[in-house]
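The following exercises ask you to read a model closely and to justify each step from its geometry. Please work through each task before turning to its solution.

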Amino acid sequence: MDDALVRAGRALRLVVLIVLAVLFLIPFYLLVRNGLSSEQDITSPEWTLFPSELHWDNVRELFEDPSVPFARSLLDSALIAVATTAGTVLLASLAGYGLARIPYRHADTVFYAVLGTLMVPAAVTFVPSFVLVSTLGWISTLRGLIVPTLFSAFACFVFRQYFLGFPRELEDAAQVDGLGPWRTYWRIVVPNARPVFAAVGTIVFIGAWNAFLWPLVIGQDQSAWTVQVALSSFTTAQVVRLHELFLAAAVSILPLLLVFLCFQRWIVAGVERSGID
Amino acid sequence: MSARTVEAPSTAAPAAAKPGPGERAVHRRRALWFWVFVGPFAAGLALFTYVPLLWSVWLSFFDAHNTVTPTHFVGLDNYTAMLSDAAFRDSLLTFALFTAFIVPATYVLSLALALMVNRVRRLRAFFRSVFFLPAACSYVVAALIWKMSIFNGVRFGLANTVLDLFGAEPVAWLSTTDPPWYWLVVVTVRLWLQAGFYMILFLAGLQRIDPVLYEAAAVDGARPGWQVLRHITLPQLRATSVAVVLLLVINAFQAFDEFYNLLSDARGYPPYARPPLVYLYYTALGQGQNLGLGSAGAVILALIIGVVTVGQARWFGLGRRNADG
Amino acid sequence: MTISRRALLAAAAAAGGGLLAACGSNTGRGDSGGGSGPALSHWYHQYGEAGTEQAVKRYAAAYKKARVTVQWRPGNYDQQTAAALLTDSGPDVFEVNGPSLDQIQGGQVVDLTGLLDGVEDDYNPVVLTPKQHDGKTWAIPQVIDMQMLYYRKSLLRDAGVEPPTTLDALVDAALKLTTRKVKGLFLGNDGGAGVLGGTPLYAAGLRLVTEDGTVGFDDPAAARTLGKLRRLYAGKSLLLGAPADWSDPSAFVQGLTAMQWTGLWALPQVQQELGDDFGVLPFPADGSAGRPAVPVGAYGAAVSARSRHVDAAKEYVKWLWVDRTDYQEDFALSYGFHIPARLSLAKKAAKLRTEAAADAVRFTTDHGWAQPLLWTPAAQTAYQDALSRIIKDGADPERELRTVVRKVSDELRRVQRKTT
């Protein structure tokens, strides 16, 4: 009897999971379906699972649209996201390690100062930030797009929590070997902390890829459009091109999904061993 | 954000120098090393976060229409104006209610997902991926799908197609205020985007629970299911729970993107489901540049977030060093 | 724990210098200007009509006295210009759906009065007036945009409905035209509060702001008229939640609605899809003092006060938006569908002589109203909130309007205090 109950429970769990999984996948399905439809298919009163004819030429149309440099914007976004991720992870991991491991009188104060910024909405500082970057003469430069976004309190926080739980024995051994903190960090700590680097890196990469407002106002030239800016240009005040919009959205998240699937294992491992919880 | 969050770094490195002639040199060296590691980050944070932040606070005491270098000091006028603005107070209240709903909802859904994914035998990686994938989507893309395809108000919207199967009339999801269906749209988009991320946090927490505890519970006669969940799993997940709730609250109060993308149009924003940040955007920080007033509103909001967060931290005993985690 | 100098250098290089060097390259501002002289940057918001971007770049390239670079800005244009005008990295010349009173009083835009010498009378006063303040002109109107009511002749005929000439008739018509598949009227997905704005007030014979700068709708007629909009919503005759909002004629041409409020810019598309089967109307009059109303607006070309070449920028604006009438005509009529801001151009434009277009021009001249300069974003938010609550929640129009009148009076006093 108990056995039957357990088995029934297991089956029920599987069914619930499958239903939820389908629900979670519906939006992705809609992106692809609408992206490969004609405008008439999308607005047809009769719902069809997929349009009778898949319009693969929509893809060509998207990449050859003369008014929106879509392919280029993908490259720009990739470049910016990679640079941002590398810089953020480097700076935040160093800081996180310092905060966690170097006994310094004011470390707590610094830590709380970092933590406090998590509570300030970005919209609050938007205008002053923009004016500041402009004063530096960084408008329309890659510098202006990337550098101000490199100092992520969230990333620093995650690294600090992780390094607090990092096995001290490894570092002690390094010190016995005569390595200073700098070389200990690079030779011992970093190679043994890959999961947290992967985890933070993925999250930062997603954020950088999806950033919209900052690239929009800083990159004042069409040659510096990121993919999110290009995406927004498909909706103008007058017309909305639904299929192009959906297809562009689908293409824009593709690179992220790949990054995600590759690093997922690492993210779980990174979270597990960090003190994020 | 466990107990470790606010643990003083010194406990992690019990290398406090013994008093002696070299003490000051040791201190100096440590300080130097500390700043080698932390300095670049701290300098950047100071320049790109603290300078704009303090600038904003400074602006909030001035009449700053269309300028960031105002000269007309008005004291607390902007604050009194903001607090006596019924629409702003409304937005704060709406958002307290929204937070009170979305935080438990996300918490329960992501925990349930984690528990189920953790116990499932086959396809675990598949389920984990499926629930986690939405976290890669931007609010812009998600809002596009929700607004244009699932919850549009006409016949060919997915939700209305489903309603039609049951013979029901199409519903204008985002446009009706009675009943307020727009909350369904806003809440589901947020759940879809966020649940997977928090599920991962819970999964990590679950995997750290010592299996011995479950064995002991079984020996004690606890029935699998609710009893085990209540007496073993949840207490063991306490640290994770605290972190999740804190992040959820901060995120809820800073809500802007999905609301803006779902409900705004070229002419503005309806007076309902209007988060404080959206209201500030329309009245002060976006096109109408009343930067003093907007900054005052933003400072009020940041203070509320801060007080709630600290209060929560106290409530959960986050400051206690010996809390498990 | 000793620090070697090498480690310090490495740290500094890795954390700061290296990065800065790596991303120091300027993404550059492509030079599209053909002339010599100072470099000017000219901003436009992103127009949806194909060819507009190429056209404005062509104009810029034809100017010989400065190197003009066109910037084409997607996304929220007003927010971007507002932020950019606070800095030295902003535009020299920019088109603006204003400028707003705060921008003028804040000294962000340059006085352009002299540019119109001798031709001021040729600009349609309905769009020129809102660009003027204290007897000075702050922007040169480019083209006139207006909105009106489109209706399907066949659907009205089948339902036995006459094109409505009063607000009551419009409410009844919308009700009668509503069937299970087709709604009677589309006023935008928010039920009309956004797009209609002050139009119903003007249709009731009132206005947003009076000539002497006081609230123009502190009158019982206002509540009566706005209350009728509630009947449209409550009667379920409004289309709501269409994937494309009021500014796009899709809902109308796809047959989701029998009547739609949208812009003049939609006319070519409607004509192409529906042929003769449509007509246009102004927003119908309400009450004994009422008169029909259509909202008009114009983007204007303004010069930033922070420009390093104010005089060159002014000269360029004069060249493009005052002297080059051929470009002005091309811009107004070759891409989207707008009415030239200049009366002489509007008069001779062949495209504006077709039935619907001629109606639109007539509505603009006879019934056009433009948002007054004193109507600030704060006033707009308060009014629009109230209108939305009246329409959707059935809130009491009188009580809502009392609150709005109070808020708007405060706001009007504030902005006029500054005008010394």
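## Exercise 1: a strand and its partners

Task: starting from the pairing of C:F94, whose bridge partner in β10(C) is C:A302, establish which strands pair with β10(C) and in which sense.

Solution. The model is a predicted one, in which local features need pLDDT of at least 70 and side-chain atom pairs count only at pLDDT 80 or more, whereas totals for chains, interfaces and linings use all residues. Residues are numbered from 1 along each chain as its sequence is written, and chains are lettered from A and ligands numbered from 1 in the order in which they are written.

Step 1. Strands are DSSP runs of E of at least two residues and helices are runs of H or I of at least four, numbered from the N terminus, and two strands pair if DSSP finds at least two bridges between them.

Step 2. Strand β3 (residues 93–96) of chain C runs antiparallel to β10(C), joined to it by 4 bridges. Strand β6 (residues 140–151) of chain C is also antiparallel to β10(C), with 6 bridges, and here C:I140 stands opposite C:A301.

Step 3. The pairing of β10(C) with β12(C) is parallel and has 2 bridges; in it, C:P295 stands opposite C:W369.

Task: decide how many residues of strand β10 of chain C are buried.

Solution. A residue is buried if 20 or more other C-beta atoms, placed from the backbone, lie within 10 Å of its own, exposed if 12 or fewer do, and partly exposed in between. By this rule 10 of the 10 residues of β10(C), which spans residues 294–303, are buried. In a regular strand the side chains alternate between the two faces of the sheet. In β10(C), C:V294, C:V296, C:A298, C:G300 and C:A302 point one way, while C:P295, C:G297, C:Y299, C:A301 and C:V303 point the other way, and all are buried.

## Exercise 2: two domains of chain C

Task: describe the side of domain 1 of chain C that touches domain 2 of chain C.

Solution. Step 1. By an automatic or database domain assignment, chain C is divided into domain 1 (39–145 + 296–369) and domain 2 (148–294 + 373–418). Their C-alpha centres lie 27 Å apart.

Step 2. With contact taken as C-beta atoms, placed from the backbone, lying within 7 Å, each of the two domains contributes 19 residues. On the domain 1 side, α4 (101–105), α16 (355–367) and β12 (368–369) of chain C each supply at least two residues, and α16(C) gives the most, with 7 residues.

Step 3. If Ala, Val, Leu, Ile, Met, Phe, Trp, Tyr, Cys and Pro count as nonpolar, Asp, Glu, Lys and Arg as charged, and the others, Gly among them, as polar, this side of domain 1 of chain C has 10 nonpolar, 7 polar and 2 charged residues.

## Exercise 3: chain B

Task: characterise the contact of chain B with chain A, then the setting of B:W315.

Solution. Step 1. In this contact, 80 residues of chain B meet 75 residues of chain A. Helix α2 (residues 23–59) of chain B gives the most to the chain B side, with 18 residues, and that side divides into 58 nonpolar, 16 polar and 6 charged residues.

Step 2. B:W315 lies in helix α14 (residues 291–315) of chain B, and B:W315 counts as exposed because it has 10 C-beta neighbours inside 10 Å.
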